[in-house]
Amino acid sequence: MAQMIHILNGPNLNLLGKRQPEIYGAATLADVQAECSAVAAELGLDCALMQSNHEGEIVEQIHAARDQAAGIIINPAAYTHTSVAILDALNTFDGPVIEVHISQVHKREAFRHHSYVSHRADAVIAGCGTHGYVLAMRQMGALLAK
Ligand code: DQA
């Protein structure tokens, strides 16, 4: 059976494509899902994309990944910069974790420069637009093949 990758997305990313397109681009989360599924199939992986506007729900999704997923790709959105709870949850997960940001957060406001999730992430991709999710999927394939 193909290894499963969970792609978790935090608050406001349900509005991807409509939300500040000058920063986050025109692609929707459904487009991201379709691209990631295609790359996953090419790599012999499976993937499931989730989004929540609620911190506790993202914690629950990470707990579910403990039994269901070989790796996690996560864009925690604004919770990146605030959530010890999401970091703690990721620290209960044994497989690879890749953090994705659509925008180049280090070029933006100072409050976006620190990430709690980066304390756990095995790789961080920022500033590649939604293509960052595809890059993360490819890196996940490389990490799981090791
Ligand atoms: C983001 C960057 C965060 O600072 C912001 O709060 C987001 C999206 C990104 O993908 O660039 O919601 O994670």
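The legends below describe close-up views of a predicted model.

**Figure 1. Overall fold of the predicted chain, with five helices and five strands.** Along the sequence, these elements follow the order β-α-α-β-α-β-α-β-β-α. The chain has a radius of gyration of 14 Å, close to the 15 Å that the globule rule gives for 146 residues, so it is as compact as a globular protein of that length. Taken along the principal axes, the box filled by the C-alpha atoms is roughly 40 × 30 × 25 Å. Of the 146 residues, 47% are buried. The accessible surface amounts to about 6900 Å², and carbon and sulfur atoms account for 51% of that area. Among contacts between residues at least 6 apart in sequence, 77% join residues at least 24 apart.

**Figure 2. Strand β3 and its enclosure by the rest of the structure.** Five of the five residues of β3 are buried, so the strand is largely enclosed by the rest of the structure. In a regular strand, side chains alternate between the two faces of the sheet. G71, I73 and N75 point one way from β3, whereas I72 and I74 point the other way; all are buried.

**Figure 3. Pairing of β3 with β1 and with β4.** The pairing of β1 with β3 is parallel and comprises five bridges. Within this pairing, L8 stands opposite I74 of β3. Strand β4, residues 97-101, also pairs with β3 in the parallel sense, here over three bridges. The bridge partner of I72 in β4 is V97.

**Figure 4. Helix α3, spanning residues 55-68, and its buried side.** This helix of 14 residues reaches 20 Å from its first C-alpha to its last, close to the 20 Å expected at 1.5 Å a residue. Its buried residues are I58, V59, Q61, I62 and A65. They cover an arc of only 160° around the axis, which puts them on the same side of α3. An α-helix has 3.6 residues a turn, so residues three or four places apart point the same way. The face of α3 turned away from the buried side carries the exposed residues E60 and D67. Packing partners of the buried residues of α3 are the strands β1 (3-9), β2 (45-51) and β3 (71-75), together with helix α4 (84-90).

**Figure 5. Helix α5, spanning residues 131-145, and its packing partners.** Helix α5 has 15 residues, and the distance from its first C-alpha to its last is 21 Å, close to the 21 Å expected at 1.5 Å a residue. Buried positions in α5 are G132, Y133, V134, A136, M137, M140 and G141. These buried residues of α5 pack against α2 (29-43) and against the strands β1, β2, β3, β4 and β5 (123-126). Strand β3 is therefore a packing partner of the buried residues of α5, and β3 is likewise packed against by the buried residues of α3.

**Figure 6. Surroundings of G17 in the loop between β1 and α1.** Helix α1, at residues 21-24, follows the loop that holds G17. The relative accessible area of G17 is 23%, and the residue is partly exposed because this value is not under the 20% cut-off for buried residues and not over the 50% cut-off for exposed ones. Leaving aside residues up to four places away in sequence, G17 touches G25, A26 and A27. G17 and A41 lie 24 residues apart in sequence, and their C-alpha atoms are 24 Å apart in space.

Methods: Residues are numbered from 1 along each chain as its sequence is written. This is a predicted model: local features need pLDDT of at least 70, side-chain atom pairs count only at pLDDT 80 or more; totals for chains, interfaces and linings use all residues. Side-chain values use heavy atoms; hydrogens and water are left out. Helices (H or I, at least four residues) and strands (E, at least two) are DSSP runs, numbered from the N terminus. The expected span of a helix is 1.5 Å times one less than its number of residues. Buried means under 20% relative accessible area, exposed over 50%, partly exposed in between (1.4 Å probe, protein chains only). The arc is that of the directions from the helix axis to the C-beta atoms. Contact means heavy atoms within 4.5 Å. The radius of gyration is taken over C-alpha atoms; the globule rule is 2.2 Å times the number of residues to the power 0.38. Accessible areas come from the Shrake-Rupley method with a 1.4 Å probe; for residues, only the protein chains shown count as cover. Two strands pair if DSSP finds at least two bridges between them.
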